[in-house]
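Dear colleague,

I am passing on the structure below, together with some notes on what turned up in it. Please read the notes with the structure open beside you.

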Amino acid sequence: QLNILELFLDCITEPNERLVEFGVGGICNSCVDPANASVITQCGGIPLVVQCLSSPVKNTVNYALGALYYLCNPSTKNEILKPDVHRIIRDYSAAGAVNSSFSNLANAFLDKHVNS
């Protein structure tokens with residue numbers, strides 16, 4: 001058992017931005033599978049992914065937005081949609097002129113988990 005998901009989560013806690021990018025990218029790619037999303041959630045991954053929303057690395061923010069899109073469900077919605085996180089996602093949604101990728105991911109998140 002390699003515990004890859006836990007390894008990705010550990011990478012997010014590192015001070016090296018490359019490792020954080022690698023870790024949240026792995027989480028983003030893994031959490032599409034509901035079984036993996038459950039493991040990530042049970043291992044305390046949501047706060048780690050949320051902290052990646054404020055990263056200076058664009059890929060890290062993109063991966064975090066994508067991961068939250070897939071991690072958000074009825075049992076995690078209250079943890080993910082705290083007021084400060086909701087505000088950050090809304091800010092990214094409005095940033096279309098600055099970064100269309102952030103805006104598109106944030107809008108997809110809001111459409112699926114807030115506006116529906």
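The notes below deal with one helix and then with aromatic pairs.

This is a predicted model, in which local features need pLDDT of at least 70 and side-chain atom pairs count only at pLDDT 80 or more, while totals for chains, interfaces and linings use all residues. Residues are numbered from 1 along each chain as its sequence is written, and side-chain values use heavy atoms, with hydrogens and water left out.

Helix α8 covers residues 100-113 (helices are DSSP runs of H or I, at least four residues, numbered from the N terminus). Its 14 residues should span 20 Å at 1.5 Å a residue, and its end C-alpha atoms are indeed 20 Å apart; the expected span is 1.5 Å times one less than the number of residues. Buried in α8 (under 20% relative accessible area, 1.4 Å probe, protein chains only) are Phe102, Ser103, Ala106, Phe109, Leu110 and His113. Because they cover an arc of only 130 degrees around the axis, they lie on the same side of α8, the arc being that of the directions from the helix axis to the C-beta atoms. These buried residues pack against α5 (58-71), α6 (77-80) and α7 (83-93), where contact means heavy atoms within 4.5 Å.

The structure also holds 3 aromatic pairs (rings of Phe, Tyr and Trp, its six-membered ring, with centres within 6.5 Å; planes under 30 degrees apart are stacked, over 60 edge-to-face, the rest tilted). One of them joins Tyr69 and Tyr70 edge-to-face, at 5.0 Å centre to centre and 80 degrees between the planes.

Best regards

Note on methods:
Helices (H or I, at least four residues) and strands (E, at least two) are DSSP runs, numbered from the N terminus. Buried means under 20% relative accessible area, exposed over 50%, partly exposed in between (1.4 Å probe, protein chains only).
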